[in-house]
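Me: I am new to this structure and would like a close look at one part of it. Please take the charged side chains that pair up, and go through them one pair at a time.

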Amino acid sequence: MGYAAVAFTEIKGLAVASFPEVMGIADERLFPESEMSKDCFEGIIGQSRAIKKVLEQVAIVAPTDATVLLHGETGTGKELIANAIHNLSSRRQRSFVRVNCAAIPSGLLESDLFGHEKGAFTGALMQKKGRFELADGGSLFLDEIGDISLELQPKLLRAVQEQEFERLGNAKTIHVDVRIIAATHRDLPAMIREEKFREDLFYRFNVFPIEIPPLRERREDIPLLVNYFVSRLVQKMRKQIKSVPERLMDILTNCSWKGNVRELANFIERAVILSKGEELEVPMAELLASYSRSVSIPACSFREAERKTIIEAMKAASGRLAGSGGAAERLGLKRTTLQNKIRRLGITKTQYGY
């Protein structure tokens, strides 16, 4: 499924509150179980106003059979929201079928959606049901609909609107009962003006639109997500990490995360792999570069964050600049680069206690 704008538990029913006990964490401020559990909504984690608005819309539309159009940047959790809509609907006992329209070559997408008969084209060695048939009685999630070719859009329009179609190589009409949930990161109205997307198909998809906010618009959820990812990865990798330094969490919260939660999750995974002790360690050069690119952060704040991070690294390394376990290694910097930063920021030995 991948990571997206909201975190989710991979094992349904797994209590997030069990993480601290498993990890042996003494400080209840770390990975706070009360916040983690109370903010879960069908596996979704978040307490920001932006994500709560999305969940309210999900709760309203899920019990209906209305077509839903999810719009949001890549990595914002569109598939997770689609899955939540299905799980909260009367169709939850039936199939939830996914298809990424951007991942399938245009020439094969028609067969993938509607199926084909044996011999319908070169390589069609047997009859195959399409995704619409497989989703009969359930929900069909059409991801990246903005990548569907103009040639296929009329047939898709009929399938969505009339709930009927024909397999390739067969004139027999097949009728289905499918709930459609579509998603895209593209500007479909702009594509309509450019004649790259059919207006009537857009209106069929746009019955109930939901805008998924990017991570930069729900920064207060970042600590929850960081704690969740660390908790899950610590168990998976058998690491001994017990805390995320407060200054590090501040920097993580203020990074731009253009790739949204998917980028955050991947970064945390790298950090967990690199961490050797009981505190989360990160490739600091990469993180600080992202931090400095965040237009909402004043230059003075970045300078102070960088200064405090280096001082903490020097303290953790017992004043050692280089070598195994030294501050340069902890920060993911070259020794000379770190020396230059220390001089530029006016950091003295007395500030890190050595």
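Reply: In this predicted model, a good place to begin is the salt bridge between the side chains of Arg-167 and Glu-133, with an N to O distance of 2.8 Å. Arg-167 sits in the loop between strand E6 (164-166) and strand E7 (173-175), while Glu-133 belongs to helix H6 (residues 131-134), so this pair ties together parts that are 34 residues apart in sequence. Both partners can also be described by how much of their surface is accessible. Arg-167 has a relative accessible area of 11% and is therefore buried, since buried means under 20%. Glu-133, at 15% relative accessibility, counts as buried too.

A second salt bridge links the side chains of Asp-221 and Arg-218, here with 2.9 Å from N to O. Asp-221 is buried, at 0% relative accessibility. The relative accessible area of Arg-218 is 0% as well, and Arg-218 is buried.

A third pair is Lys-242 and Glu-278, whose closest N and O atoms are 3.7 Å apart. Lys-242 lies in the loop between helix H10 (222-237) and helix H11 (246-254), and Glu-278 in the loop between helix H12 (260-274) and helix H13 (284-293), so the salt bridge ties together parts that are 36 residues apart in sequence. Neither partner falls under the 20% cut-off for buried, and neither is over the 50% that exposed requires. Lys-242 is partly exposed, with a relative accessible area of 26%, and Glu-278 is partly exposed at 47%.

Salt bridges can also share partners: Asp-65, Arg-91 and Asp-177 are joined in this way into one network.

As for the background to such pairs, side chains of opposite charge can pair when their charged atoms come close. Over the structure, the count of salt bridges is 17. The pairs described above are among them: Arg-167 with Glu-133, Asp-221 with Arg-218, and Lys-242 with Glu-278.

One other kind of link between side chains can be checked alongside these. A disulfide is a covalent bond between the sulfur atoms of two cysteines. The search of the whole structure finds zero disulfides. Cysteines are present nonetheless, including Cys-101, which is buried at 2% relative accessibility, and Cys-255, which is buried with a relative accessible area of 0%.

Methods
Residues numbered from 1 in each chain as written. Predicted model: local features only at pLDDT ≥ 70, side-chain atom pairs only at ≥ 80, totals over all residues. Heavy atoms only, no water. Disulfide = S-S within 2.5 Å. Buried < 20%, exposed > 50% of the residue type's maximum accessible area, 1.4 Å probe, protein only. Salt bridge = Lys/Arg side-chain N within 4 Å of Asp/Glu carboxyl O. Helix = DSSP H or I, 4+ residues; strand = E, 2+ residues; numbered from the N terminus.
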